[in-house]
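The following exercises ask the student to read a structure step by step. Each task is followed by a worked solution.

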Amino acid sequence: MSQAADYLGRPAPRKWIAGRVVSLLSHYFVSQQDETLAAAVAEDWCAMLADYPAWAIANACRWWMSRENPRKHCKPLPGDIQDRAHIEMEPVRAARITIARGVALPKPQPAARPEITEEERARRAAVVASLGLKRIGGEA
């Protein structure tokens, strides 16, 4: 579980963040900017989102544009997406706290196969016989 939490918490590459932000902002009006200003804006976004994984940033961007967000019609600021990425990370933080406290999670048990009644066996045998099949549903 520790490895999963580490994997899920791995920060996104800066280049990926910049691309995702450009994609998000393209849905909103963006005035013409010279290269220096555009680079400074991109740096602000990258700095605010540098600690978050790609999946959390992507979810935050999707949420921002969704009907769930009452401010979806407004162009987001870096802090808006950072706030939502922080919310997206709650399960990972909870897992890390659980691991740090030494709570051992039970190993998943295989699901019990339901008992097959004699009536069901007879029905399956009739289906197999009528179709000329050798097996159906793992039973002969």
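**Exercise 1: helix 2**

In helix 2, the residues I17, R20, V21, L24 and L25 are buried (under 20% relative accessible area; exposed is over 50%, partly exposed in between, with a 1.4 Å probe and protein chains only). Helices are DSSP runs of H or I with at least four residues, numbered from the N terminus. The model is predicted: local features need pLDDT of at least 70, side-chain atom pairs count only at pLDDT 80 or more, and totals for chains, interfaces and linings use all residues. Residues are numbered from 1 along each chain as its sequence is written, and side-chain values use heavy atoms, with hydrogens and water left out.

Task: Determine why the buried residues lie on the same side of helix 2.

Solution.
1. They cover an arc of only 125 degrees around the axis, so they are on the same side of helix 2 (the arc is that of the directions from the helix axis to the C-beta atoms).
2. On the other side of helix 2, K15 and V22 are exposed.
3. Helix 3, helix 4 and helix 5 are among what covers the buried residues of helix 2.

**Exercise 2: the nonpolar core**

Task: State how many residues the largest nonpolar core has, and which elements give two or more residues to this core.

Solution.
1. A nonpolar core is a set of buried Ala, Val, Leu, Ile, Met, Phe, Trp, Tyr and Cys residues joined through side-chain atoms within 4.5 Å.
2. The largest has 20 residues, and I17, V21, L24, W45, L49, I57 and I81 have the most contacts inside it.
3. Two or more residues come from each of helix 2 (14-25), helix 3 (35-49), helix 4 (54-65) and helix 5 (78-88).
4. Helix 4 gives the most, with 6 residues.
5. Apart from neighbours within four places in sequence, I17 is in contact (heavy atoms within 4.5 Å) with A12, W45, C46, L49, A50 and I57.

**Exercise 3: an aromatic pair in helix 4**

Task: Describe how W63 and W64 are arranged, and decide whether each is buried or exposed.

Solution.
1. The buried residues of helix 4 include W63 and W64.
2. Rings of Phe, Tyr and Trp (its six-membered ring) pair if their centres lie within 6.5 Å; planes under 30 degrees apart count as stacked, over 60 as edge-to-face and the rest as tilted.
3. W63 and W64 are 6.1 Å apart centre to centre, with 70 degrees between the planes, and form an edge-to-face pair.
4. W63 is buried because its relative accessible area is 19%, and W64 is buried because its value is 2%.
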